[in-house]
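Biologist: Could you take me slowly through one part of this model, namely the salt bridges, and explain what each pair joins and how its residues sit relative to the surface?

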Amino acid sequence: MSMSVEIRKEDGILWVKFNRPEALNAINEDLVKGLRRAIESAREDKEVRMMVLTGEGRAFCAGADVKMFAKIDAYKAREIIEDLGKALEDLEDLEIPVIAAVNGLALGGGCEIAMACDIILASDRAVFGQPEINLGIIPGAGGTQRLARIVGWKKAMELCLTGDRIDAREAEKIGLVNRVVQHEKLIEEVKILAEKLKAKSPKALMLVKQSVNRGFKRSLKDGIEYERDLFALSFASKDAEEGIRAFVEKRAPKFGTRE
Ligand code: CO8
């Protein structure tokens with residue numbers, strides 16, 4: 001059991017809440033363990049159609065637990081970061097959509113966790129940044145990598161070199177978040193998105209994720225060839241048969257469940 005992460009299933013959504021508000025949900029080993037457990041549940045429980053990460057209190061996650069950092073050496077730090085890094089790769093590879101509902105501060109590792117999610121919805125109180133430089137270290141869970149792919153080379157360079165924090169509007173402007181919503185409406189917006197995604201074909205959602213993510217990791221040529229293969233795979237599915245027939249018959253499609 002992880003004390004730092006609360007996991008709850010409701011209406012096909014797996015709500016995963018970082019729950020160390022007294023430390024602004026800073027990442028310790030227990031929190032990484034909780035995140036891994038949540039990913040495992042989402043993988044195994046086929047009733048789950050979407051996963052949402054959010055935080056209790058005024059932070060989404062303020063990054064690594066710096067008080068823990070003060071007690072460990074580079075070997076242990078490497079071990080923890082590897083554990084977190086692998087969890088974030090697993091998060092990206094999940095077959096269901098993963099939404100970051102960023103309710104407040106998302107700094108360092110917190111920003112890195114959000115970036116590994118498929119869609120980032122941010123409260124207008126959210127704040128993002130990679131402040132590692134101020135501790136004399138560098139980001140280690142995607143801050144110099146995913147960030148550059150998301151917002152571009154120079155913007156990522158600036159954020160990592162200065163450690164400056166940016167607000168939700170600025171994050172939206174540079175493409176780091178998909179959408180900013182009123183703080184009080186964040187969860188409601190997540191639920192609206194969930195309903196929209198639940199009406200789609202789970203298989204097609206999975207293939208979209210695989211195809212988009214592949215393109216970011218490989219060359220354009222390789223990505224396009226891969227997309228073609230996945231397109232054919234989607235075309236051969238029962239959901240495609242239903243989706244196309246429903247269009248012709250002028251009715252809403254009824255797609256299958258996760259297998
Ligand atoms: N770690 C541990 N405790 C924290 C952290 C943190 N990252 N952030 C805040 N807290 C604690 C504070 O110590 C304080 O508790 P206490 O009063 O008991 O000391 C409580 O949370 C509230 O914080 P503040 O009083 O500081 O609140 P403010 O509103 O004044 O300031 C800030 C908020 C600006 C967010 C400030 O707390 C801050 O700068 N925090 C540190 C942020 C930071 O540097 N994060 C990056 C860490 S490095 C990193 O994330 C590398 C990622 C590597 C992957 C992770 C592997 C484990």
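Modeller: What follows is a walk through the salt bridges, one pair after another. Please keep in mind that this is a predicted model. Side chains of opposite charge can pair when their charged atoms come close. In this structure the count comes to 30 salt bridges, and three of them, together with a network, will serve as examples.

Let us begin with Glu56 and Lys17, which form a salt bridge whose closest N and O atoms are 2.8 Å apart. Glu56 belongs to the loop between β3 (50–55) and β4 (59–61), while Lys17 is part of strand β2 (residues 13–18), so this pair ties together parts that are 39 residues apart in sequence. As for the surface, Glu56 has a relative accessible area of 30% and is therefore partly exposed, because the range for that label lies between 20% and 50%. Lys17, at 25% relative accessibility, also counts as partly exposed.

The next pair is Lys217 with Glu92, where the closest N and O atoms of the salt bridge are 3.1 Å apart. Lys217 sits in helix α9 (residues 202–217) and Glu92 in helix α3, so that distant parts of the chain, 125 residues apart, are linked. Here the two partners carry opposite labels, since Lys217 counts as exposed at 52% relative accessibility, whereas Glu92 is buried, with a relative accessible area of 12%.

A third salt bridge is formed by Glu95 and Arg258, with 3.3 Å between the closest N and O atoms. Glu95 lies in the loop between α3 and β5 (98–102) and Arg258 in the segment after α11 (238–248), so parts that are 163 residues apart in sequence are tied together by this pair. Glu95 counts as partly exposed at 25% relative accessibility, while Arg258, with a relative accessible area of 7%, is buried.

Salt bridges can also be followed beyond a single pair, for Arg36, Glu40, Arg43, Asp83 and Asp90 are linked in a network of them.

To place these pairs beside another part of the model, you might then turn to the ligand, whose surrounding shell divides into 15 nonpolar, three polar and seven charged residues. Helix α3, which holds Glu92, is one of the elements that each supply at least two residues of that shell.

Note on methods: Residues numbered from 1 in each chain as written. Predicted model: local features only at pLDDT ≥ 70, side-chain atom pairs only at ≥ 80, totals over all residues. Heavy atoms only, no water. Helix = DSSP H or I, 4+ residues; strand = E, 2+ residues; numbered from the N terminus. Nonpolar A, V, L, I, M, F, W, Y, C, P; charged D, E, K, R; others polar. Salt bridge = Lys/Arg side-chain N within 4 Å of Asp/Glu carboxyl O. Buried < 20%, exposed > 50% of the residue type's maximum accessible area, 1.4 Å probe, protein only.
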